[in-house]
Amino acid sequence: MAAADVTGPRGRFISIEGGEGAGKSTQIALLAGALERAGIAVQATREPGGSPGAEAIRELLLEGEGERWDATAEALLLVAARYDHVTRVIAPALAQGVWVVSDRFADSTMAYQGYGRGVALTDLAALHSFALGEFSPDLTVILDLPVETGLARAAARSAADRFERLDYAFHERLRHGFQRIAADNPARCVLIDASGDPQTVHRTVLDAIGHRLGIAVASHPDLGRVTHARTEGKP
Ligand code: TMP
C-alpha cells in the first residue's frame, strides 16, 4: 500500500485508544497543545473519520439502530474508512514531517469488533494487512478505566451512540480486549490508568512519549481549567 511506503524525514504517528468515556478527547487536546508548544507541527484527527469520505462512513456507522450493521459489515466499513483516512490524510501529513495524533485507530476495531463483537482477530488482522500493509502507529496510548466510570462519563456528555448502547458485558469485553492488546504489543502500546484527574493522566501520557519517542515535552499550562468534556460534537 502506498501509505506504507513513506520514506525520508517523517512525523510520528500516535494513536489514543480506550473505551467509552476514557477522556481521549481531553487528552488529545492537551497533547496536541503540548507538542505544538514544543515546536512540533501536529495534526489531530479521529476515527472513524478524519477525511471527508471516512466522515461520511462515520455517520453510517454511528447512527441508526444497534443491529443496522452486523459486526463483519461494521469491520469492513471501518477498514474502508481507515484506508481513506491513512492514504489521504495521515500518510501525507507524516511525509511532510507533521506529527499525527489520532483519536482511535486499528486497535479500536480489534477491541470493539473483535473482542467486543466476536469477529475473529485473525480475520481483522488480515483485513488490516490488506488495507494498510505494515503501516501502524509509532506509539499507542491506551486509556484504561473501570467500565462503570467510563459509561457514567459518556452518559453525562451526550446521547448514547450505537456503540455506547451495547450492554455492560460488551464494555467489559472491550476493556479486557484493550488490556490484551497492550500486553501483546508492549513495544508499541502503553496502558495508562485514566481514572485520575486530567492533569495526572496528561503527565503520564507525556512521560510515555518521552520514554518511547525520545522527546521531552512540557505539560499544558492551562491544565487547571481542563475537564473531561469532549472537544468535538458527535457523530
Ligand atoms: P468515539 O466515541 O471515540 O468518537 O468513537 C465512535 C464509536 O465508534 C465508538 O463507540 C467506538 C466505535 N468504533 C468501533 O467500534 N470500531 C473502530 O474501529 C472505531 C475506530 C470506532
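Helices (H or I, at least four residues) and strands (E, at least two) are DSSP runs, numbered from the N terminus. This is a predicted model, in which local features need pLDDT of at least 70, side-chain atom pairs count only at pLDDT 80 or more, and totals for chains, interfaces and linings use all residues. Residues are numbered from 1 along each chain as its sequence is written, and side-chain values use heavy atoms, with hydrogens and water left out.

Q: Which helices each supply at least two residues of the shell around the ligand?
A: They are helix 2 (52-62), helix 3 (71-95) and helix 4 (106-116). Helix 4 gives the most, with 4 residues.

Q: What makes the pairing of glutamate 20 with the ligand a polar contact?
A: A polar contact is a pair of N or O atoms within 3.5 Å; within protein, one must be able to donate a hydrogen and the other to accept it, and residues adjacent in sequence count only if both atoms are side-chain atoms. A polar side-chain atom of glutamate 20 lies 2.7 Å from an oxygen atom of the ligand, so the pair qualifies. For an N or O atom in the side chain of lysine 24, the distance to a ligand oxygen is 2.8 Å; for threonine 109 it is 2.5 Å.

Q: How much of the ligand's accessible area does the protein cover?
A: By the Shrake-Rupley method with a 1.4 Å probe (for residues, only the protein chains shown count as cover), the protein covers 99% of the 470 Å² that the ligand has on its own.
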